Structure formats: structure tokens, C-alpha cells
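Biologist: Could you take me through one part of this model up close? I'd like to see how the sheet is put together and what packs on it.

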Amino acid sequence: MRVEKVSYDINWRNFKRGTSFFIPCLDPKLARGEIKTVTNRLKYKILTKVVIEEGVRGLRVWRL
């Protein structure tokens, strides 16, 4: 998956309900759209929230 020209290797089989991952990004709105494209194709329901973790702004993505 590519977000803001950075490639992320997400193991989608291990992305179980209730788990999450963090993607650092400058433009959360654009990043959210790129993530939604992939998760919609996989038919995963997700929740995203803009967060700051260890001083880095990004998106936290949970699988519902």
C-alpha cells in the first residue's frame, strides 16, 4: 500500500478485528482516502483517527 509516496507492507491476513496500525502522514485526509481504497477492495470495515504518537502526526487505523 502506498500512502504519500511511501510504500507500506501491511500483512492484511493478520489485520484482525480490533487490531490497529499507525501510518505517519502530513495530509491525513489524502492518506485516509488511499487507505480506504485498499480496505474497500478487501471489504474491511475500518475506523481512522488523526493522532500524535511519540511526537509524530499520523493516522491510526482500526479494523471493525
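**The sheet and the helix on it**

Modeller: Let's start with one pair: Val 50 sits opposite Leu 59 in strand 5. Keep in mind that this is a predicted model. Val 50 belongs to strand 4, residues 46–53, which runs antiparallel to strand 5 and is joined to it by eight bridges. Further along, Ile 46 has Arg 63 of strand 5 as its bridge partner. Strands 4 and 5 make a hairpin with two residues between them, and Glu 54 in that turn has a positive phi of about 55°.

Now for the other neighbour of strand 5. Strand 3 is joined to strand 5 by five bridges, again antiparallel, and here Ser 20 stands opposite Trp 62. Put together, that gives an open sheet of three strands in the order 3-5-4, with antiparallel pairing. Strands 3 and 4 are at the edges with a single partner strand each, so each has one side without a neighbour in the sheet. From one strand to the next, the twist averages 25°.

What packs on this sheet? Helix 1 does, touching strands 3, 4 and 5, and its direction makes about 145° with that of strand 4. The helix has 14 residues, which at 1.5 Å a residue should span 20 Å; the end C-alpha atoms are 20 Å apart, so the two agree. Pro 28, Ala 31, Ile 35, Val 38 and Thr 39 are the buried residues in helix 1. Looking down the helix axis, you'd find them within an arc of 95°, so they line one face. That fits a general pattern: an α-helix has 3.6 residues a turn, so residues three or four places apart point the same way. The buried residues of helix 1 pack against strand 1 (2–3) as well as strands 3, 4 and 5. Over on the other side of the helix, Lys 29, Thr 37 and Arg 41 are exposed. After helix 1 comes Lys 43, with a positive phi near 60°.

Strand 3 has two faces as well. Its side chains alternate: Phe 21 and Ile 23 point to one face and are buried, whereas Ser 20, Phe 22 and Pro 24 point to the other and are not. Take Phe 21: it counts as buried because its relative accessibility is 11%, under the 20% cut-off. Leaving out residues up to four places away in sequence, Phe 21 touches Met 1, Ile 10, Trp 12, Phe 15, Leu 59, Arg 60 and Val 61. Phe 21 is also 9.2 Å from Arg 63, C-alpha to C-alpha, although 42 residues separate them in sequence.

Finally, the core. The largest nonpolar core has 15 residues, and those touching the most other members are Met 1, Val 3, Trp 12, Phe 15, Phe 21, Ile 23 and Ile 35. Strand 3, helix 1 and strand 5 each give two or more residues to this core, with helix 1 providing the largest share, three residues. From the helix, look at Ile 35: setting aside neighbours within four places in sequence, Ile 35 contacts Met 1, Val 3, Ile 23, Ile 46, Leu 59 and Val 61. So Leu 59, the residue opposite Val 50 where we began, turns up among the contacts of Ile 35 and also of Phe 21.

Note on methods. Residues numbered from 1 in each chain as written. Predicted model: local features only at pLDDT ≥ 70, side-chain atom pairs only at ≥ 80, totals over all residues. Heavy atoms only, no water. Core = buried A, V, L, I, M, F, W, Y, C linked by side-chain atoms within 4.5 Å. Buried < 20%, exposed > 50% of the residue type's maximum accessible area, 1.4 Å probe, protein only. Helix = DSSP H or I, 4+ residues; strand = E, 2+ residues; numbered from the N terminus. Contact = heavy atoms within 4.5 Å. Pairing = 2+ DSSP bridges. Axes fitted to C-alpha atoms, helices over the stretch in contact; angles between N-to-C directions. Expected span 1.5 Å × (residues − 1). Arc of directions from axis to C-beta.
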